[in-house]
Amino acid sequence: WNTQQTIYNNVGNNFKKVNNYNSTNMRKIITLLYLFFLSSTVQIIAQVSNVLINLNNPNSIAISGNELFFSSWDGTISKFNLSENNPEIEVIVSNLPLYSLGSIALNGNYLYYSLVIPGQIFRININENSPTHELVAENVRYADNIVFSNNLLFFTNSGANYSNYQKISKIDINDPTFPVIN
């Protein structure tokens, strides 16, 4: 009986040691898993810093090298140098209809801009001191969101509730007649 009880006590003590060991490790594992899942669900939010302030409703931007171009609802397109700490704004286009500028986009030396109303897309050569406004497309009311893919200019017609304005169109800028392809 003593031998059996001694064996039982030894087995019981070892079981307690093993059980205590497993319990401690299990707490560590659960804690680590909890921290892992908590950290994977926490969103990292980027720090936002202002580049320019006190602008007059900028509504579209495009970048070429170190220059950032932006359009404003006051009828201007301006640019500034991104590498400068206190950049000076240079207005390159002015006197456009108020509240009409849609989107701007760059392709090579040309900056394209849309006038939502009356529905026109123009381009200017950004390397010229007094750029000429070249009409690219007209009768494209609510032309907005201009983007390029190779030599195709894509834009949306989404500002009105009329079926002929709810579309995405494109223009081949290599064609000198600039036909709008719906």
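Mentor: Before we start, two strands pair if DSSP finds at least two bridges between them. Keep in mind that this is a predicted model.

Trainee: Which residue takes a positive phi in the hairpin of strand 2 and strand 3?

Mentor: Strand 2 and strand 3 run antiparallel and are joined by six bridges. Their hairpin has three residues between the strands. The residue there with a positive phi, near 90°, is Gly75.

Trainee: In strand 3, which residue is the bridge partner of Leu68?

Mentor: Strands of a sheet pair through backbone hydrogen bonds, either parallel or antiparallel. Strand 2 and strand 3 are of the antiparallel kind. Across from Leu68, the bridge partner in strand 3 is Phe80.

Trainee: How many residues of strand 3 are buried?

Mentor: A residue is buried when its relative accessible area is under 20%. Strand 3 covers residues 76-81 and is mostly covered. Of its six residues, the number buried is five.

Trainee: In what order do the strands of the open sheet with strand 1 stand?

Mentor: This sheet has four strands, and its pairing is antiparallel. Strand 1 (58-64) and strand 4 (90-93) are the edge strands, each pairing on one side only. The twist from one strand to the next averages 30°. The order of the strands is 1-2-3-4.

Trainee: Which residue of strand 4 does Ser78 stand opposite?

Mentor: Strand 3 pairs with strand 4 over three bridges, in the antiparallel sense. Opposite Ser78, in strand 4, stands Val91.

Trainee: Is Ser72 buried or exposed?

Mentor: Ser72 belongs to strand 2, which spans residues 67-72. Beyond its neighbours within four places in sequence, Ser72 is in contact with Asn56, Asn57, Pro58, Asn59 and Leu101. Its relative accessible area is 3%, and the cut-off for buried is under 20%. Ser72 is therefore buried.

Trainee: What distance separates the C-alpha atoms of Leu98 and Gly75?

Mentor: Leu98 sits in the loop between strand 4 and strand 5, and its relative accessibility of 56% makes it exposed. With neighbours within four places in sequence left aside, Leu98 is in contact with Trp73, Asp74 and Gly75. Leu98 and Gly75 are 23 residues apart along the chain. The separation of their C-alpha atoms is 5.0 Å.

Trainee: What is the positive phi of Tyr99?

Mentor: Most residues other than glycine have a negative phi, and most peptide bonds are trans. Tyr99 is found in the loop between strand 4 and strand 5 and is exposed, at 61% relative accessibility. Although Tyr99 is not a glycine, its phi is positive, at about 55°.

Trainee: At what relative accessibility does Asn54 count as exposed?

Mentor: Asn54 lies in the loop between helix 1 (2-41) and strand 1. Asn54 is not glycine, yet its phi is positive, near 60°. The cut-off for exposed is over 50%. Asn54 counts as exposed because its relative accessibility is 77%.

Trainee: Which strands stand at the edges of the open sheet 5-6-7-8?

Mentor: Four strands make up this open sheet, with antiparallel pairing. Its twist averages 20° from one strand to the next. An edge strand here has a single partner strand, so one of its sides is left without a neighbour in the sheet. The strands at the edges are strand 5 and strand 8.

Trainee: Which residue in strand 7 does Leu111 stand opposite?

Mentor: Strand 6 and strand 7 pair over six bridges in the antiparallel sense. Opposite Leu111, in strand 7, stands Ile124.

Trainee: How many residues are in the largest nonpolar core?

Mentor: Ile77, Leu96, Ile104, Leu111 and Tyr113 touch the most other members of this core. Strand 5 (101-107), strand 6 (110-115) and strand 7 (120-125) each supply at least two of its residues. Ile104 touches, among others and not counting residues up to four places away in sequence, Ile77, Leu111 and Tyr113. The number of residues in the largest nonpolar core is 14.

Trainee: How many residues are in the other core, apart from the largest one?

Mentor: This other core lies apart from the largest one. Its residues include Ala137, Ala143, Phe155 and Ile171. The number of residues in this core is 12.

Methods. Residues numbered from 1 in each chain as written. Predicted model: local features only at pLDDT ≥ 70, side-chain atom pairs only at ≥ 80, totals over all residues. Heavy atoms only, no water. Axes fitted to C-alpha atoms, helices over the stretch in contact; angles between N-to-C directions. Core = buried A, V, L, I, M, F, W, Y, C linked by side-chain atoms within 4.5 Å. Buried < 20%, exposed > 50% of the residue type's maximum accessible area, 1.4 Å probe, protein only. Contact = heavy atoms within 4.5 Å.
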